[in-house]
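Student: I have a structure open and would like to learn how to read it. Can we go through it step by step?

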Amino acid sequence: MKYTTEILIDLPRDEFLKKLDNAENMKHWQRGFMGYEQLSQNPGEEGARMNLKYKMGKKTIEMVETIIKRNLPEEFHLTYDTKGVHNIQKNYFKEEDGKTRWISESEFQFSSLGMRLMGLLMPGAFKKQSMKYAIDFKNFAEKGISVLDEK
């Protein structure tokens, strides 16, 4: 399953990237984010791995993020692996009149039957979740609004 999301953030690309490329900020724009643990000696570099933990409903989900290409300020590609799912995320950043267009190409590969069915029956849920993260990042980056402030 593949799809693309796109959003325009009212920040210059260098400011946008400072906020996006800081793991401490993830809790402010990724709902359910519980924390992270660096698994590599070279955080932020190509090949670096990080364990991410999320609360989704009543479940706790852990996934491993791997940086596969870091060519900032133009692009930043990662993979995310968790039980039954391999996600390839290709992010492109374009400067437009002092703003940043964030284009994200997502590809999900499912290895478990349950996740395959979910991908077939509810593909819109994946795109909706990706767009929600992008909108929450926009609110955090532009206005300082954190998802932690919502209760």
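Student: How many residues lie between strand 6 and strand 7 in their hairpin, and which turn residue has a positive phi?

Tutor: Remember that this is a predicted model. Follow the chain from one strand into the next and look at the turn. Here 2 residues lie between strand 6 and strand 7. Aspartate 97 in that turn has a positive phi of about 50 degrees.

Student: How many bridges pair strand 6 with strand 7, and in which sense?

Tutor: Look at the strand directions, then at the bridges. Strand 6 and strand 7, residues 99–110, pair in the antiparallel sense over 12 bridges. Take some facing residues. Valine 85 stands opposite phenylalanine 110 in strand 7. Phenylalanine 93 has tryptophan 102 of strand 7 as its bridge partner.

Student: What does the hairpin of strand 5 and strand 6 look like?

Tutor: Read it in the same steps. Strand 5 covers residues 75–82 and strand 6 covers residues 85–96. They are antiparallel, with 8 bridges. Threonine 79 faces isoleucine 88 of strand 6. The hairpin has 2 residues between the strands, and glycine 84 takes a positive phi near 85 degrees.

Student: Which strand do 8 bridges join to strand 1?

Tutor: Strand 7, and the two run antiparallel. One bridge pair to find is isoleucine 9 with threonine 100 in strand 7.

Student: Now the interior. Which residues touch the most other members of the largest nonpolar core?

Tutor: For a core, look for buried nonpolar side chains that touch one another. This one has 26 residues, and Phe16, Leu52, Trp102 and Phe137 touch the most other members. Elements giving two or more residues include strand 1, helix 1, strand 4 and helix 4. Helix 4 gives the most, with 5 residues.

Student: Which residues does phenylalanine 137 contact, leaving aside its neighbours within four places in sequence?

Tutor: Ile9, Phe16, Lys19, Leu20, Trp29 and Trp102. Another core, of 5 residues, lies apart from the largest one. Val85, Phe108, Phe110 and Phe126 are among its members.

Student: Last feature. How many residues line the largest pocket, and which lie nearest its centre?

Tutor: For a pocket, check the space, then the walls. The space is about 1300 Å³. The lining has 50 residues, and Tyr54, Met63, Tyr80, Asn87 and Tyr133 lie nearest the centre.

Student: How do the lining residues divide into nonpolar, polar and charged?

Tutor: There are 29 nonpolar, 13 polar and 8 charged residues.

Key:
Residues are numbered from 1 along each chain as its sequence is written. This is a predicted model: local features need pLDDT of at least 70, side-chain atom pairs count only at pLDDT 80 or more; totals for chains, interfaces and linings use all residues. Side-chain values use heavy atoms; hydrogens and water are left out. Two strands pair if DSSP finds at least two bridges between them. Helices (H or I, at least four residues) and strands (E, at least two) are DSSP runs, numbered from the N terminus. On a 1 Å grid over the protein atoms alone, a cavity is a set of points where a 1.4 Å probe fits but cannot get out, and a pocket is an open set with protein on both sides within 12 Å along at least five of seven lines; lining residues have an atom within 4 Å of a point. Grid points are joined across faces, edges and corners, and a volume is the space filled by probe spheres set on the points. Ala, Val, Leu, Ile, Met, Phe, Trp, Tyr, Cys and Pro count as nonpolar, Asp, Glu, Lys and Arg as charged, and the others, Gly among them, as polar. A nonpolar core is a set of buried Ala, Val, Leu, Ile, Met, Phe, Trp, Tyr and Cys residues joined through side-chain atoms within 4.5 Å. Buried means under 20% relative accessible area, exposed over 50%, partly exposed in between (1.4 Å probe, protein chains only). Contact means heavy atoms within 4.5 Å.
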